[in-house]
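Got the model open in your viewer? Follow along, select what comes up at each stop, and look around before moving on.

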Amino acid sequence: MSLTNTTHSYGALAKLFHWTTAVLILALFPLGMIANGMAEGLRDPAASVTEAQIAQTVALFSAHKTLGLAVFFIALLRVGWSLTQPRPGLLNAENRVEATLAETIHWLLYGSILLVPLSGWLHHAATTGFAPIRWPFGQSLPLVPKSEGFAELMAGLHLVLQRVLLAAVVLHIAGALKHHVVDRDATLRRMLPHGGTAPQPPKQHKSLVPPLAALTIWGAAIVVGAGSGLFGHTSAPAAAQAQQDIAPASGGAGWTVTDGSLGITVTQLGSPVSGQFADWTAAITFEDPAQPGPAGQVDVIVNIASLTLGSVTDQAMGPDYFDASAFPTAIFSADLEKTAQGYLADGTLTIRDQTVPVQMPFQLILDGENAEMTGQLELNRMEFGVGASVTDAATLGFGVDVVVTLTASRS
Ligand code: HEM
Ligand code: HEM
């Protein structure tokens, strides 16, 4: 069998590309649907989730993403190769309607094997956490922002494009079988590994209708998808970020917080996943003493539901983790001290129903009536019963890094 195509037969390489892609795509559909169904189960705040379920979902999703990317790179090679090759003409080219339909579907298939995995990849790169691609080239993409809004858009596009691909594959297979069973021509045989010789195709009609029809179908699918809400809405995290709301502090010789951030980083499956609480309030009294000693007091109330944590935000709110509906706030109350090394907030942190002694060293820059503060501490999530059923640190690390920054002005 020749490696290259002729005007009436597919070469070995074109056949290899075709059937490898076909097998991968036929596997990727059930894999994606099952993995997505399981992931939705995990995100349900009411569900009680076991470690085995998380591991299984991650394994399926990782396989889906990795095989999907294999399709993408094979498709790049395939398109490059086909541009150098003659294309065997359609055997029923004189039937203009069927030929246009077949060619439109070929355009949809060629476009889809690039666009479907690309949209999945962009979705993956824009979000954080959850199932990694099993390869050594990293999980992010240059120029792709970590943005839940963009990730949701790409997830919607992935969904719409893959439905167009599914419809095209179904029609494509139906067409191939019709040629074989009804027309009894060599269309299917000449694509099979040892398909033998095929007749010379009739004269082909060149037309722009098939590529334009394919573009119209994609456009219509995106419009219908957007209309039926497949692209989600401006993500809650993005909206929460935009209206970051920090209420002024109150009490004593107080300070008013004018800006700030409260971030956490957890380690999921060995990769860091960072998030922010958009809504928290801090009541601060502070007087910088000349010598080490007491300096004031702070009370911070954190709205747990305002956390965004990449793609696992909903999961983090569930009963096994923060259980936001039962325990909507976390409270940090501490005495502020000046120490020989710097400053210290020494108090207690209450998350869920657990109150744990906590010490947070912080750096302070005082400039007249304004102050800038940065503090870090590491918490052990197990002490607060967060993710208590996930006892394997490789799945979800025990340590949670907390970083607080704020600027405040004297009230
Ligand atoms: C030709 C290749 C691909 C096909 C045919 C495909 C197909 C699918 C299907 C059928 C689903 C389930 C949708 C549902 O349940 O309604 C899905 C979901 C998903 N796929 Fe793919 N996929 C491909 C490539 C990729 C790649 C390369 C990635 C990432 C690197 C990816 C990431 C995802 C993600 C993250 C979801 C879940 C979307 C969500 O959360 O809404 N896919 N895909
Ligand atoms: C599932 C993913 C599949 C994709 C993405 C796909 C894609 C394509 C594309 C793009 C072509 C045009 C090739 C070219 O002219 O360069 C083609 C041709 C062909 N495909 Fe598929 N295909 C798939 C599955 C199948 C299956 C399952 C069958 C068999 C039942 C099949 C049978 C054929 C045949 C017979 C041709 C040759 C058509 C002709 O010569 O006119 N394909 N396929």
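Start by selecting histidine 64 together with ligand 1: an N or O atom in the histidine 64 side chain is 2.8 Å from a nitrogen atom of the ligand. That is a polar contact, meaning a pair of N or O atoms within 3.5 Å; within protein, one atom must be able to donate a hydrogen and the other to accept it, and residues adjacent in sequence count only if both atoms are side-chain atoms. Before you go further, keep in mind that this is a predicted model, where local features need pLDDT of at least 70, side-chain atom pairs count only at pLDDT 80 or more, and totals for chains, interfaces and linings use all residues. Residues are numbered from 1 along each chain as its sequence is written, chains are lettered from A and ligands numbered from 1 in the order in which they are written, and side-chain values use heavy atoms, with hydrogens and water left out.

**Stop 1: around ligand 1**

Add asparagine 36, which has a polar side-chain atom 3.1 Å from an oxygen atom of ligand 1. Then add glutamine 162, with a polar side-chain atom 3.5 Å from a nitrogen atom of ligand 1. Helix 1 (12–43), helix 2, helix 3 (96–126) and helix 4 are the elements that give two or more residues to this shell. Helices here are DSSP runs of H or I with at least four residues, strands are runs of E with at least two, and both are numbered from the N terminus.

Now show the whole shell. There are 22 residues around ligand 1, and those that come nearest are Asn36, His64, His123, His158 and Gln162. To be near, a residue needs one of its heavy atoms within 4 Å of the molecule or strand. Colour the shell by class and you get 11 nonpolar, 8 polar and 3 charged residues. Nonpolar covers Ala, Val, Leu, Ile, Met, Phe, Trp, Tyr, Cys and Pro, charged covers Asp, Glu, Lys and Arg, and the others, Gly among them, are polar.

**Stop 2: the iron of ligand 1**

Which residues coordinate the iron atom of ligand 1? Pick His64 (NE2) and His158 (NE2), at 2.0 to 2.1 Å. Histidine 64 sits in helix 2 (residues 51–83) and histidine 158 in helix 4 (residues 148–183), so the pair ties together parts that are 94 residues apart in sequence. Donors are N, O and S atoms within 2.8 Å of the metal (3.2 Å for Na, K and Ca), and water is not among the atoms, so sites may look incomplete.

Why is this arrangement octahedral? Because the 6 donor atoms around the iron atom of ligand 1 subtend angles of 87 to 180 degrees. Six donors count as octahedral if opposite donors are over 155 degrees apart and all others between 65 and 115.

Switch on a surface next. Histidine 64 counts as buried at 15% relative accessibility, and histidine 158 does too, at 17%. Buried means under 20% relative accessible area, exposed over 50%, and partly exposed in between (1.4 Å probe, protein chains only).

**Stop 3: ligand 2**

Select the iron atom of ligand 2, coordinated by His18 (NE2) and His172 (NE2) at 2.0 Å. Histidine 18 belongs to helix 1 and histidine 172 to helix 4, so this pair ties together parts that are 154 residues apart in sequence. The site is octahedral, with angles of 85 to 179 degrees among its 6 donor atoms.

Buried or exposed, where does histidine 18 fall? Histidine 18 is buried, at 13% relative accessibility, whereas histidine 172 is partly exposed, with 26%. For one more contact, pick arginine 190: an N or O atom in its side chain is 2.7 Å from an oxygen atom of ligand 2.

**Stop 4: two loops**

Jump to leucine 143, in the loop between helix 3 and helix 4. Leucine 143 has a positive phi of about 75 degrees although it is not a glycine, and it is exposed at 89% relative accessibility. Most residues other than glycine have a negative phi. Arginine 184, in the loop between helix 4 and helix 5 (209–227), also has a positive phi, near 50 degrees.

**Stop 5: the other domain**

Zoom out: the chain is divided into domain 1 (12–227) and domain 2 (253–410), with bounds from an automatic or database domain assignment. Their C-alpha centres lie 45 Å apart. Finish on arginine 381, in the loop between strand 9 (370–380) and strand 10 (399–410). The arginine 381 side chain reaches the backbone oxygen of leucine 396 at 2.7 Å.

Terms used:
Four donors count as tetrahedral if all angles lie between 85 and 135 degrees; four count as square planar and six as octahedral if opposite donors are over 155 degrees apart and all others between 65 and 115; anything else is irregular.
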